[in-house]
Amino acid sequence: ESWVGQRYDLLRSLANSWLNTVIAEMAREKLSMVWDEGSDIGMGEATLLLDKTRFYFRLCAVKRLEEGAFALMEAMREVKDELTSRIVREIKAFINERFSSKLSLDEIAGSVGMTKNYVSSLFKHEMNTTVLQYIVDLRMQKARELLLHSNLRIYEIADQIGYEDTDYFTALFKKHYSLSPIEYKKRMER
């Protein structure tokens with residue numbers, strides 16, 4: 001307010017200038033937001049008493065800053081959502097390339113430069129499943145494809161999708177598809 005002296009009508013312009021400065025800084029960081037000049041609080045045909053002008057223009061400036069803050073928060077939320085989606089895509093790509101080897105959460109988190117707790121939370125929030133369950137689901141899908149489209153033995157399939165223990169693989173497959181790998185293959189061949 002000290003910047004405008006007694007010219008309270010400049011408060012809204014000052015608020016808009018501040019918001020435009022913030023938006024310009026956001027643009028440097030590759031964030032975008034469109035902002036129009038807006039309007040003052042409507043008074044209709046009412047006239048404003050001289051001693052109330054300061055209050056009125058302060059109220060208009062506060063309203064404008066509040067609108068700007070909400071718009072900035074929404075723009076930042078969109079950026080965060082975009083960043084989250086990109087990170088989850090990177091995690092999935094890392095897993096998809098290496099699903100047949102032993103994968104640790106530390107290794108997966110390291111691939112995106114984050115902690116394992118943060119990766120677990122982010123992945124669960126975005127995918128509605130855990131990282132471990134995603135790996136198991138991917139492996140089971142690949143196992144099913146190999147069962148149906150190859151002549152590999154069960155232990156060979158287990159090995160190709162990252163399981164050294166055939167019994168463990170068989171138990172997981174049965175839990176996932178309600179049939180053992182051999183039963184599944186026989187049923188699909190009918």
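Start by selecting Val119, Leu122 and Phe123: these are the buried residues of helix 4. Look down the axis of helix 4, and its buried residues fall within an arc of 95 degrees, so they line one face of the helix. Keep in mind that this is a predicted model.

**Stop 1: the rest of helix 4**

Now select residues 116-127 to see helix 4 whole. Count twelve residues. From first C-alpha to last, helix 4 reaches 16 Å, close to the 16 Å expected at 1.5 Å a residue.

Which exposed residues sit on the face turned away from the buried side of helix 4? Select Asn117 and His125 to find them.

**Stop 2: the loop after helix 4**

Step to Asn128, just after helix 4. Asn128 is in the loop between helix 4 and helix 5. Its phi is positive, about 60 degrees, although Asn128 is not a glycine. Is Asn128 buried or exposed? Asn128 has a relative accessible area of 66%, and exposed means over 50%, so Asn128 counts as exposed.

Select Thr129 next. Thr129 lies in the loop between helix 4 and helix 5, which spans residues 131-149. Thr129 has a relative accessible area of 16%. Buried means under 20%, so Thr129 is buried. What does Thr129 touch, leaving aside its neighbours within four places in sequence? Show Phe123, Lys124 and Tyr134: Thr129 is in contact with these three. You have met Phe123 already, as one of the buried residues of helix 4.

**Stop 3: Gln160**

Move on to helix 6, residues 154-160, and pick Gln160. Gln160 is partly exposed, with a relative accessible area of 41%. Leave aside its neighbours within four places in sequence, and Gln160 is in contact with Ser100, Leu146 and Leu152. Select those residues too.

Now add Lys142. How far apart are the C-alpha atoms of Gln160 and Lys142? The separation is 9.1 Å, while the two residues are 18 residues apart along the chain.

**Stop 4: Ser178**

Finish at Ser178. Where is Ser178? Ser178 sits in the loop between helix 7 (166-177) and helix 8 (181-189). Check the backbone here: Ser178 has a positive phi of about 65 degrees, although Ser178 is not a glycine. Ser178 counts as exposed, at 58% relative accessibility.

Select Asn128 again and check its phi: about 60 degrees, also positive. Asn128 is likewise not a glycine, and Asn128 is exposed.

Key: Residues are numbered from 1 along each chain as its sequence is written. This is a predicted model: local features need pLDDT of at least 70, side-chain atom pairs count only at pLDDT 80 or more; totals for chains, interfaces and linings use all residues. Side-chain values use heavy atoms; hydrogens and water are left out. Helices (H or I, at least four residues) and strands (E, at least two) are DSSP runs, numbered from the N terminus. Buried means under 20% relative accessible area, exposed over 50%, partly exposed in between (1.4 Å probe, protein chains only). Contact means heavy atoms within 4.5 Å. The expected span of a helix is 1.5 Å times one less than its number of residues. The arc is that of the directions from the helix axis to the C-beta atoms.
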